[in-house]
Amino acid sequence: MIVLPQRVFSPVLLIVSAALLAAVAVLYLLAGGVHAPGASTQLTAADWQAVDSGSFAEPPPVQDSAALPADWRRVQLPLAMPIALLRQARAYGAAQAHATTWLRLSTRGLVKTPGPLALYGARVKTDGTIAVYANGHLVHQAQRQGPLWNSTRTPLWVVLDAPAGGAPLDEILIRLEHTSKSQVAVSSLWLGPPDALSLRYQSRRWLQQELPAMLSAAFLAVGIFAFFVWVRRRHEIGYLLFFALSATAFLRGLHFYVGLPIANDWFAWLTVNALFWLVATLHFFLRLLHGRELPWLTRGLIAVTVLVAVTTLPALAVLPNTPSVTPLIYAVAALMGSTVFLVGGIAAWRDTREGRLVAVGLGVVLLQGFADWLLQNNVVSPEGWYLGAYSNAVCFAVFGTLMYRRYIDAIHQVELLNASLAQRLRAREAELEQSHQRLREVEYRQTISDERQRLMQDMHDGLGSSLISAIRSVEQGGVNELKVAQILKDCLDDLKLTIDSMEPVEADLLLLLATLRFRLEPRLEGTGIVLLWRAQALPALDWLDPSSALHILRIVQEGIANILRHTHASEILVGTGVLGDGVQISIEDNGQGFDVDKAAGSAASRGLANQRRRAQAVDGTVSWDSGPAGTRFTLWLPLRRKTRAA
């Protein structure tokens, strides 16, 4: 069941509807009776007679009213002929299938305006050819085109050229062919200059033909859009019913599209059966609104619709499209529509506000159909209006409103859902932010704890070990003051290295070595040793954290310290470069070399072992190349590490 929001119409929709109704009202007044005084004349009286004929025939080019039978009768216009024609037929005992009705209008002295004249009539209703004679000469012929002939909705418009020689217009003769059982009617006629009557004719034609055609086409266009919506949303059956409603309403209004290439028999079949399809679609739409199955009514409507569709097929012709059969079919359709209106409308009225709207719309359509039946059967004046032409507009307005509100409700539901999701997202983001904040605090505390632990470990292994060694040497008295001072300087250097390792170097090995150079150069100034640097640009080492930086600084410091203690060199060269998938730091001196293998087994092996251990901690390697001309120490470091040093 469709649940629609209780909202009023959009102000824009109300404004557009009011403007359209105002325009229609103005055109209705123009078509009904507003004209320039004295410019045209209304013909309200005529002479009438009916003549039997065996079949339809072409109107002669010249026809004198004196050559017709003298059985003329005076009648008033507008003329609705069901009673008059039946009386005449009984009087003459007519048994022919076809007849010709003649109307003679005297115009002598009525219009004195020079120039061409126009003859306008709101409606001339017949199912055969309409011919108009001016002073006995054929000036207009509207050829019958079967069911496509739309004389009931097409006003009469004939332009009468000025007769040759300036002769006045004395008589107009109208010839109407029709079947003997056809409902024939003629409205009052207007005679005057074309400019004075053109607006009246154009307004009537637009209101009875063009405007209903445009509304029907617009209804179908929106219905096609609804169909494509249903293709993507198969569970929304209302969109499919809206499309079916617009399609059947369009087929029902094929009278307004007289240029479509449709065979006459199939045209009649489509327009008649489209009325039954329309009623069935309305039933299913109402059932969707009130939620009741109504199986007996549904089965009955389907059965009648299928039966009428089959029996009226042009190929079978069980029920042919004839003046005696077609009214019976329309009576069945009227009975079906009334049943759907009473049963479905009452059920929908009780349940929803939208059901009341649909019930009112169906009531309006039924009243329009009843008014058209009265007009078609000449019960009311032929100058009236076919209101059924606007039944598509009523259906479009009612069901378009339902679909519009359904669409607005869907948007509203999406907006509510989006608002709910946004609120939940904000709450979740706040929770995540709090969690992230707590996590950052935990990580911060953990980082501080880890860094404190690292510093404590480094100071214990480096500075602490050196101080303990110095204390023991002093206590034992085995070292002089110079030796103690050297030990204390080493302790101070170790402390500075620890501090330097904490400086941010942004994965730049050269920046790290620059801090070491800053520390070493002041100590080497008084030793007579020259410290040279030959550094090349190096790629960044993403794994260079404070712990790894301290390992590298201590390796390089240990290498330079060994040169200062043992080689008696006068020059030290520190260089950098790229080697394979890593970088290298080299330290060269010009002092006396040493036997690497022998040193590995002596007391000096502790320092070499520390360098090797620290290099392995950062996935690097160390090597020594020593000879009489000096020693070259190399530290190789990878660009990418498999594991981080603890």
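A residue is called buried when its relative accessible area is under 20%, exposed when that value is over 50%, and partly exposed in between. Keep that in mind for the exercises below, which work through a predicted model.

**Exercise 1. Work out which of W266 and W269 is buried and which is partly exposed, and describe how their rings meet.**

Step 1. Start with W269: its relative accessibility is 13%, so it counts as buried under the 20% cut-off.

Step 2. Now W266: at 39% relative accessibility, this residue counts as partly exposed.

Step 3. Look at where they sit. Both belong to helix 5 (residues 264-290), three residues apart, so about one helical turn separates them. An α-helix has 3.6 residues a turn, so residues three or four places apart point the same way.

Step 4. Check the ring geometry. The centres of W266 and W269 are 5.5 Å apart with 80° between the planes, which makes the pair edge-to-face.

**Exercise 2. Classify the aromatic pair of W157 and Y201, and say what parts of the chain the pair ties together.**

Step 1. Some context: the model has 12 aromatic pairs.

Step 2. For W157 and Y201, the distance is 4.9 Å centre to centre and the angle between planes is 20°, so the pair falls under the 30 degrees cut-off and is stacked.

Step 3. Place the partners. W157 is in strand 10 (residues 156-160) and Y201 is in helix 3 (residues 194-232), so the pair ties together parts 44 residues apart in sequence.

Step 4. Add accessibility. W157 has a relative accessible area of 21% and is partly exposed, while Y201, at 10%, counts as buried.

**Exercise 3. Find which charged residues sit over aromatic rings, and which ring cluster includes W230.**

Step 1. R153 places its charged end over the ring of Y386, 4.8 Å from the centre.

Step 2. R234 lies over the face of W230, with 4.7 Å to the ring centre.

Step 3. Follow W230 onwards: ring pairs join W230 with F227, F228 and F243 in a cluster.

**Exercise 4. Trace the path of the chain from strand 14 to strand 15 and give the handedness of the crossover.**

Step 1. Strand 14 (residues 530-534) pairs with strand 15 (residues 571-579) in the parallel sense, over five bridges. Within this pairing, L531 stands opposite I572.

Step 2. Between the two strands the chain runs through helix 12 (residues 546-567), and the β-α-β crossover is left-handed.

Step 3. Take a look at the connecting helix. Helix 12 has 22 residues and reaches 31 Å between its first and last C-alpha, close to the 32 Å expected. Of those 22 residues, 17 are buried, and helix 12 is mostly covered.

Step 4. See what comes next: H568 follows helix 12 and has a positive phi, near 55°.

**Exercise 5. Identify which helix gives the most to the largest nonpolar core.**

Step 1. This core has 38 residues, and F242, F276, F285, L286, V358 and F399 touch the most other members.

Step 2. Several helices each supply at least two residues, among them helix 3, helix 4 (237-252) and helix 9 (391-476).

Step 3. Helix 5 gives the most, with 10 residues.

**Exercise 6. Give the order of the three-strand open sheet and name its edge strands.**

Step 1. The order is 4-12-7, with antiparallel pairing.

Step 2. Strand 4 (79-80) and strand 7 (124-125) are the edges, as each pairs on one side only.

Step 3. Zoom in on one pairing: strand 4 and strand 12 (residues 185-186) share two bridges, and V186 is the bridge partner of L79.

Step 4. Step back along the chain to the loop between strand 3 (73-76) and strand 4, where P78 lies. The peptide bond from L77 to P78 is cis, with omega near 5°.

**Exercise 7. Locate L294 and D619, two residues with positive phi, and decide how accessible each is.**

Step 1. L294 is not a glycine, yet its phi is about 50°. L294 lies in the loop between helix 5 and helix 6, and its 15% relative accessibility counts as buried.

Step 2. D619, also not a glycine, has a phi of about 60°. D619 lies in the loop between helix 14 (605-617) and strand 17, and at 27% relative accessibility D619 is partly exposed.

Terms used. Residues are numbered from 1 along each chain as its sequence is written. This is a predicted model: local features need pLDDT of at least 70, side-chain atom pairs count only at pLDDT 80 or more; totals for chains, interfaces and linings use all residues. Side-chain values use heavy atoms; hydrogens and water are left out. Two strands pair if DSSP finds at least two bridges between them. Helices (H or I, at least four residues) and strands (E, at least two) are DSSP runs, numbered from the N terminus. A crossover is right-handed if, with the strands pointing away from the viewer, the path from the first strand over the helix to the second runs clockwise. The expected span of a helix is 1.5 Å times one less than its number of residues. Buried means under 20% relative accessible area, exposed over 50%, partly exposed in between (1.4 Å probe, protein chains only). Rings of Phe, Tyr and Trp (its six-membered ring) pair if their centres lie within 6.5 Å; planes under 30 degrees apart count as stacked, over 60 as edge-to-face and the rest as tilted. A charge sits over a ring if NZ of Lys or CZ of Arg is within 6 Å of the ring centre and within 35 degrees of the ring normal. A nonpolar core is a set of buried Ala, Val, Leu, Ile, Met, Phe, Trp, Tyr and Cys residues joined through side-chain atoms within 4.5 Å.
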